[in-house]
Amino acid sequence: KILITGANGQLGSVLTTKLQGIYGTDAVIATDIKFSASFKGNFEFLDATDFNSIEGIIKEHNITQIYHMAAILSANGEQQPLRTWDINNKTFLNVLEAARLNGVDRVFFPSSIAVYGENAPKDETPQDFFLVPTTVYGMSKASGEHWANYYFSRYGLDVRSLRYPGVIGHQTSPGGGTTDYAVDAYHYAVKGEDYTCFLNETASLPMIYMDDAIRATIELMEAQPETIKTRTSYNIASMSFNPAELQQAICEIFPNFKMIYKPDFRQNIADSWPNSIDDSEARKDWGWQPNYDLKAMTKDMIKHLNKKYKTENA
Ligand code: VAH
């Protein structure tokens with residue numbers, strides 16, 4: 001059986017539905033610290049900062065795989081640095097130790113391009129580069145990568161990880177990240193409203209469509225163990241764009257859509273991250289290939305959001 005922490009989060013909830021579709025609803029135990037009334041399937045309340053709670057669920061349900069999706073993201077994390085460090089690290093260490101002690105077969109750890117800092121090359125940032133993250137979120141993801149590598153090397157625990165770019169999807173709202181502007185902009189455009197963007201128009205960042213991010217996660221977890229050569233975390237990429245390029249792509253469908261630029265503290269976070277990343281190792285080791293570029297993502301996002309707002313206003 002598969003345990004997902006943070007199952008009500010931006011990625012966790014889409015991943016839960018996808019895994020239910022592949023393995024069957026009964027095979028997936030979705031957990032979070034907040035309940036979602038619309039959730040369908042097996043849900044259990046879980047505060048992953050409590051080791052005994054995690055170990056209890058693993059034993060009760062004979063968990064063989066864990067997707068640890070719970071974390072405080074970059075922007076929210078900067079409002080509460082010590083709590084973010086504590087929660088992001090304690091939850092992952094609990095997952096690793098409970099997995100090791102209870103024969104869990106495979107663990108997924110979501111890392112992020114937020115592990116890179118100002119010192120790294122901005123374009124096509126290489127997989128192996130000295131990490132100097134400047135957000136607590138990025139620091140916690142960089143330390144998580146090292147813990148993943150340690151549990152693999154010392155205990156043989158099969159931990160796998162991806163450095164997600166900014167993830168954009170229509171299914172869920174983002175939760176306190178620096179790339180959330182790209183999701184919000186589509187919602188405003190579909191509602192016919194202008195969008196005030198918290199980054200400036202030239203802030204280029206690596207991004208990925210939700211469907212590609214979820215497919216990459218499952219492809220990585222289903223890959224033969226011997227193909228996984230990187231046990232810290234793999235870069236994956238699909239596109240990079242800045243807010244002006246997003247506005248242009250949306251205007252091809254909504255010509256009157258406007259973005260107003262009012263950068264806030266999140267601009268400093270975006271400035272510390274790469275513009276684009278090199279994901280050649282993921283392509284070589286386990287065959288990563290993105291399907292969506294900015295044009296295809298924009299078409300699909302607007303198609304789904306049009307439906308969502310039509311049914312909501314029906
Ligand atoms: C964030 N969405 O903005 C996350 C992600 C690369 C960005 O890590 O914090």
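Q: In which helix is the place of D184?
A: A residue is first placed by its secondary-structure element. In this predicted model, D184 belongs to helix 6, which covers residues 180-190.

Q: Is D184 buried, partly exposed or exposed?
A: The relative accessible area decides the class: buried means under 20% and exposed means over 50%, with partly exposed in between. D184 has a relative accessible area of 24%, so the residue counts as partly exposed.

Q: Which residues does D184 touch, not counting residues up to four places away in sequence?
A: Setting those sequence neighbours aside, D184 has contacts with P174, Y195 and F198. For a separation through space, one may take D50, which is 134 residues from D184 along the chain; their C-alpha atoms are 33 Å apart.

Q: How many helices and strands are there in the protein chain?
A: The protein chain contains 11 helices and 12 strands. Its radius of gyration is 19 Å, close to the 20 Å expected from the globule rule for 314 residues, so the chain is as compact as a globular protein of that length. Along the principal axes, the C-alpha atoms occupy a box of roughly 55 × 50 × 40 Å.

Q: What share of the contacts in the protein chain with a separation of 6 or more comes from residues 24 or more positions apart?
A: Such pairs supply 79% of those contacts. As for burial, 55% of the 314 residues are buried.

Q: How many positive and negative side chains has the protein chain?
A: There are 29 positive and 38 negative side chains, and the centres of the two sets are 4 Å apart. The chain exposes about 13300 Å², of which carbon and sulfur atoms supply 52%.

How values were computed
Residues are numbered from 1 along each chain as its sequence is written. This is a predicted model: local features need pLDDT of at least 70, side-chain atom pairs count only at pLDDT 80 or more; totals for chains, interfaces and linings use all residues. Side-chain values use heavy atoms; hydrogens and water are left out. Helices (H or I, at least four residues) and strands (E, at least two) are DSSP runs, numbered from the N terminus. The radius of gyration is taken over C-alpha atoms; the globule rule is 2.2 Å times the number of residues to the power 0.38. Buried means under 20% relative accessible area, exposed over 50%, partly exposed in between (1.4 Å probe, protein chains only). Contact means heavy atoms within 4.5 Å. Accessible areas come from the Shrake-Rupley method with a 1.4 Å probe; for residues, only the protein chains shown count as cover. Lys and Arg count as positive and Asp and Glu as negative; His and the chain ends are not counted. The place of a charge is taken as NZ of Lys, CZ of Arg, CG of Asp or CD of Glu.
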